[in-house]
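This briefing covers the strands and helices of one protein model and how they pack. The topics are grouped so that each can be checked against the coordinates.

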Amino acid sequence: MSAFRAVIDGTGGYLPARSVTNDELAAWKGLDTSDAWIVERTGIRRRHIAAEGETASDMGAQAALAALAQAGAEPGDVDAIIVATSTPDSAFPATATRIQGKLGVTRGFAFDLAAACTGFVYALGVADALVRTGQARGALVIGTEVYSRIVDWTDRGTCVLFGDGAGAVFIRGVSHDQAGGRGILSTHLHADGRHGDILSVDGGAGSNGGTGVVRMTGREVFRHAVGKLSSAVDEALAANGLAQGDIAWLVPHQANLRIIEAMGRKLDLPLERVVVTVDRHANTSAASIPLALAEATRDGRIRRDELVLMEAIGGGLTWGAALARF
């Protein structure tokens, strides 16, 4: 058994100042769509859009500062910074090192992780392993995205789905005795590259030299989502000898309200025990789960010692689940 448990000790979120409703978005971009059309299909009513010059590292640093403050931690307590993003500031240096510099962290290591909308769950798994093996005693796990810069604003099927923002958690390595059962219990990560093209970005530095935009076959993504997420949830529960009734909160990736509701039914959880932000944030990809965590811990919904299940699916295809006792 590892000497340490990875305890989520602080959460933080950041949203750009500009919030855009569906009707405002349609008028702004000249889209043939409406609030009713978008809400019916996705549950999204508004999203935040980054200001000109506002970057993933800018937003991620703000979310990280909030997480550190809630944990009562200082930059000197940070050994590792892991940033999940599909919209890095640049190919290199890593957005994580940009954030490291902005926070004034002068020790440890920092790197980016790319797993699209599943990125935060993947990053949690990496941070948990680093803590358990003693390579880090304090880690920032950040999801930060500026999807407004990689969507095709002429494609109403995709551009209305996404928003910008950042979320972060500060993870502290705590001895098993001190943790008292709290901490990340397990993470369960999966990928199947055969389905990569149903949700992807059609460009990159190593292919066509361009940035590219999001391309999605929505029905195919939806078809895979519920089945794969259900399987990951079952795997997480079985690995820890838990039943569905043990889950206090579901904090899902915020992609589509119908998928979120389906997962709530799968766990027999009423919607009031499912953290939903998709209506106000839209899909912020790797930032969606930590943003939802920050909201629900700070408003008092998620309380100490409660069992929280997180799950996500994204381009790759990638998918996964994580169980943590707060």
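In this predicted model, the crossing of α8 and α9 is right-handed. The axes of α8 (residues 218-239) and α9 (residues 257-266) come within 10 Å and cross at roughly 35°. The points below start with this helix pair, then take up two open sheets, one of five strands and one of four, and the helices that pack on them.

**The α8/α9 contact**

- On the α8 side, the contact is made by Phe-222, Ala-225, Val-226, Leu-229, Ser-230, Val-233 and Asp-234.
- Their counterparts in α9 are Arg-258, Ile-259, Ala-262, Met-263 and Lys-266.
- Sorted by class, the residues of this contact are eight nonpolar, one polar and three charged.
- An α-helix has 3.6 residues a turn, so residues three or four places apart point the same way.

**The five-stranded sheet**

- The strand order is β1-β7-β6-β4-β5, in an open sheet with mixed pairing.
- The edge positions belong to β1 (4-14) and β5 (109-113); each has a single partner strand, so one side of each has no neighbour in the sheet.
- From one strand to the next, the twist averages 20°.
- Strands β6 (residues 138-146) and β7 (residues 164-175) run antiparallel and are joined by nine bridges.
- Within that pairing, Val-141 has Val-169 of β7 as its bridge partner, and Thr-144 has Ala-166 of β7.
- Strands β1 and β7 also run antiparallel, with 10 bridges between them.
- The bridge partner of Gly-10 in β7 is Phe-170.
- β7 is mostly covered, with 10 of its 12 residues buried.

**Helices on the five-stranded sheet**

- Helix α5 (residues 119-132) packs on this sheet and touches β1, β4 (80-84), β5, β6 and β7.
- The direction of α5 makes about 160° with that of β4.
- Helix α11 (residues 288-298) packs on the sheet as well, touching β1, β6 and β7.
- The direction of α11 makes about 90° with that of β1.

**Helix α5 in detail**

- At 1.5 Å a residue, the 14 residues of α5 should span 20 Å, and the C-alpha atoms at its ends are 20 Å apart, which agrees.
- Because 11 of its 14 residues are buried, α5 is largely enclosed by the rest of the structure.
- Among the buried residues of α5 are Phe-120, Val-121, Tyr-122, Leu-124, Leu-130 and Val-131, and the set also includes Asp-128.
- Gly-134, just after α5, takes a positive phi of about 80°.

**The four-stranded sheet**

- This open sheet has the order β8-β13-β12-β11 and mixed pairing.
- Its edge strands are β8 (183-191) and β11 (249-252), each of which pairs on one side only.
- The twist here averages 15° from one strand to the next.
- Strand β12 (residues 307-314) is joined to strand β13 (residues 318-325) by eight bridges, and the two run antiparallel.
- Met-310 stands opposite Ala-322 in β13.
- α5 lies across β8, β12 and β13, running at about 130° to β8.
- α8 packs on the sheet too, touching β8, β12 and β13, and its direction makes about 35° with that of β13.

Methods
Residues numbered from 1 in each chain as written. Predicted model: local features only at pLDDT ≥ 70, side-chain atom pairs only at ≥ 80, totals over all residues. Heavy atoms only, no water. Pairing = 2+ DSSP bridges. Axes fitted to C-alpha atoms, helices over the stretch in contact; angles between N-to-C directions. Contact = heavy atoms within 4.5 Å. Expected span 1.5 Å × (residues − 1). Buried < 20%, exposed > 50% of the residue type's maximum accessible area, 1.4 Å probe, protein only. Left-handed = near helix turned anticlockwise from the far one by under 90°. Nonpolar A, V, L, I, M, F, W, Y, C, P; charged D, E, K, R; others polar.
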